[in-house]
Amino acid sequence: MKRILSTQNAPQAIGPYSQGVAAGNLLFLSGQIPIDPSKGEITATDVEGQTRQVLNNIKAILESDGCTMDQIVKTTVYLKDIGDFVKMNDVYKQFFSEGNYPARSAVQVAALPKDAMVEIEVIALK
């Protein structure tokens, strides 16, 4: 059975997709960009701030379904500039318990929606 995840504490979808979908005991979250949900726009101007906002958005969606960041099993990180990997990683690791990091892929892309510097999608186990 499929169930749609939605919360006002994360940016609303800017297209025909859901913030997330629960299917059985798995949660699939759409890629999150660093939109501040209280302002409806990207406010951070550096990759650290944008990564923090993205992960806070992911956390809000997970919490709306009673989950935590430690239940994430896989992330995919899209970076506008792979040279920002270390800076992104320094913020990323703060959102997970030491030794409980999810599997991850990170790739550079030509562009992201709204000219974001980072986008992250996740799969979590409920």
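**Figure 1. Burial and accessible surface in the predicted model of the protein chain**. Of the 126 residues in the protein chain, 40% are buried. The accessible surface amounts to about 6500 Å², and carbon and sulfur atoms contribute 51% of that area.

**Figure 2. Secondary structure and overall dimensions of the protein chain**. The fold comprises 8 strands and 2 helices. Read from the N terminus, the order of elements is β-β-β-β-β-α-β-α-β-β. The protein chain is as compact as a globular protein of 126 residues, because its radius of gyration of 14 Å is close to the 14 Å expected from the globule rule. Along the principal axes, the C-alpha atoms occupy a box of roughly 40 × 35 × 25 Å.

**Figure 3. Contacts between residues distant in sequence**. Among contacts in the protein chain with a separation of 6 or more, 68% join residues that lie 24 or more positions apart.

**Figure 4. Distribution of charge in the protein chain**. The protein chain carries 12 positive and 14 negative charges. The mean positions of these two sets are 4 Å apart.

**Figure 5. Close-up of Asp 36 in strand β4**. Strand β4 spans residues 35–36 and includes Asp 36. The Asp 36 residue is buried but forms no salt bridge. Lys 39 provides the nearest side chain of opposite charge, at 4.1 Å, whereas a salt bridge requires a separation within 4 Å.

**Figure 6. Surroundings of Asp 36 beyond its sequence neighbours**. With neighbours within four places in sequence set aside, Asp 36 is in contact with Glu 41, Thr 43 and Gln 53.

Terms used
Residues are numbered from 1 along each chain as its sequence is written. This is a predicted model: local features need pLDDT of at least 70, side-chain atom pairs count only at pLDDT 80 or more; totals for chains, interfaces and linings use all residues. Side-chain values use heavy atoms; hydrogens and water are left out. Helices (H or I, at least four residues) and strands (E, at least two) are DSSP runs, numbered from the N terminus. The radius of gyration is taken over C-alpha atoms; the globule rule is 2.2 Å times the number of residues to the power 0.38. Buried means under 20% relative accessible area, exposed over 50%, partly exposed in between (1.4 Å probe, protein chains only). Contact means heavy atoms within 4.5 Å. Accessible areas come from the Shrake-Rupley method with a 1.4 Å probe; for residues, only the protein chains shown count as cover. Lys and Arg count as positive and Asp and Glu as negative; His and the chain ends are not counted. The place of a charge is taken as NZ of Lys, CZ of Arg, CG of Asp or CD of Glu.
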